[in-house]
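Open the structure in your viewer and keep the sequence panel beside it, since each stop on this tour begins with something to select and goes on to say what can be found there.

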Amino acid sequence: MLNHVCWLCKANTGHNLVGEARFVGPEAGVRPEQLACAAYECSICHGISVALFPFRNPGSLSMPLYQFITTVRGDELRWRPSVTETKDYPDVPDHIAEAATEAYECDSSEHYRGAIMLARAVIEATAKDNGITTGTLYNKIEALATAGLIRAIIKDAAHGVRQLGNEMAHGDFVDPISAEESQLVIRLMGEILNDVYQSPAVISQAQQAAQARQQGGQQ
Ligand SMILES: [Zn+2]
């Protein structure tokens, strides 16, 4: 039994092999690089997941695949469907919040380029929504800070995201994107949305509540 976070019930549960593991794809078992694949059933909700295991050189396996697959750990396999985490961005205008959620889900699904490009677009849309409609992304980030909508420390970090996405936006996929870079960008996008929309909303709610209490006390 393998431990793995189930995409369906989201619990870290034991998974039992269903049927036999196999090499898949054209000329299965012959090419120098091969993908092994096996189906597993969650012991709690009975949802089926597919575990993938790429082999550089399947011919070098010292034991049959069905035996080998019993020796691996759950975190050594790539699982599909993967557990996709999601996140809502309350108090953010719908068209921006939906794109931000999509960026978050891209990162969670290991689509790092997509995550960064979308996060960049979310920053740009946030500027436009606040009347900053002209200039490059660089100018818009500067204008957001000048208007006091984002903190100076966030402004500097936002320029980092801009630079990271810049090459990709112009068709240059030079350097591979790491999971850490993508996660940093998603966190930073969250900080910007917090500065511009969420934090002011919380403060305004607190002020309204205090006002209501004051008025109640005067009666
Ligand atoms: Zn499950």
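Select Leu137, Tyr138, Ile141 and Ala145 in H4 and then add Ala152, Lys155, Ala158, His159 and Arg162 in H5, because these are the residues through which the two helices meet, taking C-beta atoms within 7 Å as the test of contact. Keep in mind as you look that this is a predicted model. Sorted by class, the contact of H4 with H5 consists of six nonpolar, one polar and two charged residues.

Now show the whole of helix H4, residues 137–146, together with H5, and look along their axes, which come within 9 Å and cross at roughly 170°. How do H4 and H5 run relative to each other, roughly parallel or roughly antiparallel? An angle over 145 degrees counts as roughly antiparallel, and H4 and H5 are therefore described in that way.

**A second partner for H5**

Keep helix H5, residues 152–169, on display and add helix H3, residues 112–129, whose axis lies 9 Å from that of H5 at an angle of about 120°. That angle makes H3 oblique to H5, and the crossing in which H3 passes H5 is left-handed.

To see where they touch, colour Arg113, Ile116, Met117, Ala119, Arg120 and Ile123 in H3, and then, on the side of H5, Ala158, Val161, Arg162, Leu164, Gly165, Met168 and Ala169. The residues of this contact of H3 with H5 comprise nine nonpolar, one polar and three charged. Ala158 and Arg162 deserve a second look, for they take part in the contact of H5 with H3 and are also listed where H5 meets H4.

**The sheet**

Next, hide the helices and select the strands, where you will find an open sheet of five, in the order S1-S2-S3-S4-S5, with antiparallel pairing. S1 and strand S5, residues 78–80, stand at the edges and each has a single partner strand, so one side of each is left without a neighbour in the sheet. If you turn the view slowly, you can follow how neighbouring strands of this sheet are turned against each other, by 40° on average when direction is ignored.

Start at one edge by selecting strand S1, residues 2–5, and strand S2, residues 12–24, which run antiparallel and are joined by four bridges. Within this pair, Leu2 stands opposite His15 in S2, while Asn3 has Gly14 as its bridge partner in that strand. Then move on to S2 and strand S3, residues 34–42, which are paired in the antiparallel sense over seven bridges, and find Val18, which stands opposite Ala39 in S3.

**Two histidines in the strands**

Is His15, which lies in strand S2, buried or exposed? A residue is buried if 20 or more other C-beta atoms lie within 10 Å of its own, and His15, with 25 such neighbours, counts as buried. Beyond the residues up to four places away in sequence, His15 touches several others, among them Met1, Leu2, His4, Tyr40 and Gly74.

Select His4 next, which lies in strand S1 and is buried as well, with 21 other C-beta atoms within 10 Å. Leaving aside its neighbours within four places in sequence, His4 is in contact with His15, Gly74 and Trp79. To gain a sense of scale, draw a distance from the C-alpha atom of His4 to that of Ala206, which is 202 residues away along the chain, and the separation will be 42 Å.

**Loops and backbone details**

Finally, go to the loop between S1 and S2, where Lys10 is placed, and note that this hairpin has six residues between its strands. The phi of Lys10 is near 65°, a positive value in a residue other than glycine, and with 11 C-beta neighbours inside 10 Å this lysine counts as exposed.

In the loop between S3 and strand S4, residues 48–55, select His46, where phi is again positive and near 65°. His46 counts as exposed, with 11 C-beta neighbours inside 10 Å.

The last selection is Pro81, in the loop between S5 and helix H2, residues 94–108. Show the backbone here and look at the bond that joins Arg80 and Pro81, which is a cis peptide bond with omega at about -10°.

Notes: Residues numbered from 1 in each chain as written. Predicted model: local features only at pLDDT ≥ 70, side-chain atom pairs only at ≥ 80, totals over all residues. Axes fitted to C-alpha atoms, helices over the stretch in contact; angles between N-to-C directions. Parallel < 35°, antiparallel > 145°, perpendicular 65-115°, else oblique. Left-handed = near helix turned anticlockwise from the far one by under 90°. Nonpolar A, V, L, I, M, F, W, Y, C, P; charged D, E, K, R; others polar. Pairing = 2+ DSSP bridges. Buried ≥ 20, exposed ≤ 12 C-beta atoms within 10 Å, placed from the backbone.
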